[in-house]
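I opened a fresh page today for a structure I had not met before. Here are my notes, in the order in which I looked things up.

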Amino acid sequence: MIEKKLDRAITDFIWNVVEIHSQLEDIHTSWAGLLGITEPQWLILMAITELDQGRGVAGIDIANKLRVHPAFVTNQTKSLEKGGFLSRRPAAEDARYVLMSLTAKATTEIEKLSKRKLALNSTMFNELDEKTLADLNAALATIAKNARLAARLLAIDAS
């Protein structure tokens, strides 16, 4: 009986994650639309915002953050550069790497959305306090780590 309840709880959790993922995709698509870019391009800008510490961000770091192929990031960032949203320059220590930073245009456009983003976050997380979110994030980090391991194990079994 306990095993059946645990299985039900896990199944419910997975479907909740699927639902949240779907809703977040819709939200990201809406934010992107306000800037005239695609949802993946929006995520690239958000990854750069989070990862850049003033020196720029390598494409491989963006790809790792978003769990996508580096060639996809290269393709999309060239388009974002043409649109004036980011600048690309060779890394000083190794010119094979391109470092990307948001332009003033991108920073301004994202800043214009900040009040709306705060209101949206308040709606999504209004019943959760900081400690609850910290505990939830810790639990999700553990699940993510274990899911990576499970995916590797499944890949080994499948081959």
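Entry 1, contacts and make-up. I began with contacts, meaning heavy atoms within 4.5 Å. In the protein, residues 24 or more positions apart account for 47% of the contacts with a separation of 6 or more. I noted that this is a predicted model, where local features need pLDDT of at least 70, side-chain atom pairs count only at pLDDT 80 or more, and totals for chains, interfaces and linings use all residues. Residues are numbered from 1 along each chain as its sequence is written, and side-chain values use heavy atoms, with hydrogens and water left out.

I then looked up the elements, which are DSSP runs numbered from the N terminus: helices are H or I with at least four residues, strands E with at least two. The protein has 6 helices and 3 strands, and from the N terminus on they run α-α-β-α-α-β-β-α-α. Taken along the principal axes, the C-alpha atoms fill a box of roughly 60 × 45 × 25 Å. Of the 159 residues, 21% count as buried (buried is under 20% relative accessible area, exposed over 50%, partly exposed in between, with a 1.4 Å probe and protein chains only).

Entry 2, α1 against α2. How do these two helices cross? I found that the axes of α1 (residues 2-35) and α2 (residues 39-51) come within 8 Å and cross at roughly 90°. Axes here are lines fitted to C-alpha atoms, for helices over the stretch in contact, and angles run from 0 to 180 degrees between N-to-C directions. The two helices are therefore roughly perpendicular to each other (65 to 115 degrees; under 35 is roughly parallel, over 145 roughly antiparallel, and the rest oblique). On the α1 side I listed Glu-25, His-28, Thr-29, Trp-31, Ala-32 and Leu-35, which meet Glu-39, Trp-42, Leu-43 and Leu-45 in α2. By class, this contact has 6 nonpolar, 2 polar and 2 charged residues (Ala, Val, Leu, Ile, Met, Phe, Trp, Tyr, Cys and Pro count as nonpolar, Asp, Glu, Lys and Arg as charged, and the others, Gly among them, as polar).

Entry 3, α2 against α5. Their axes come within 14 Å and cross at roughly 95°, which makes α2 roughly perpendicular to α5. Trp-42, Leu-45, Met-46 and Thr-49 of α2 make the contact with Ile-110, Leu-113 and Lys-117 of α5.

Entry 4, the largest pocket. I looked up the term too: on a 1 Å grid over the protein atoms alone, a pocket is an open set of points with protein on both sides within 12 Å along at least five of seven lines, where a 1.4 Å probe fits, and lining residues have an atom within 4 Å of a point. The largest pocket has a volume of about 2,000 Å³ (the space filled by probe spheres set on the points, which are joined across faces, edges and corners). I counted 40 lining residues, of which Ile-20, His-21, Leu-24, His-28 and Leu-43 lie nearest its centre. α1 gives the most to this lining, with 12 residues. By class, the lining has 26 nonpolar, 7 polar and 7 charged residues.

Entry 5, Phe-13. This residue sits in helix α1. Phe-13 is partly exposed, with a relative accessible area of 33%. Leaving aside neighbours within four places in sequence, Phe-13 is in contact with Leu-140 and Ile-143.
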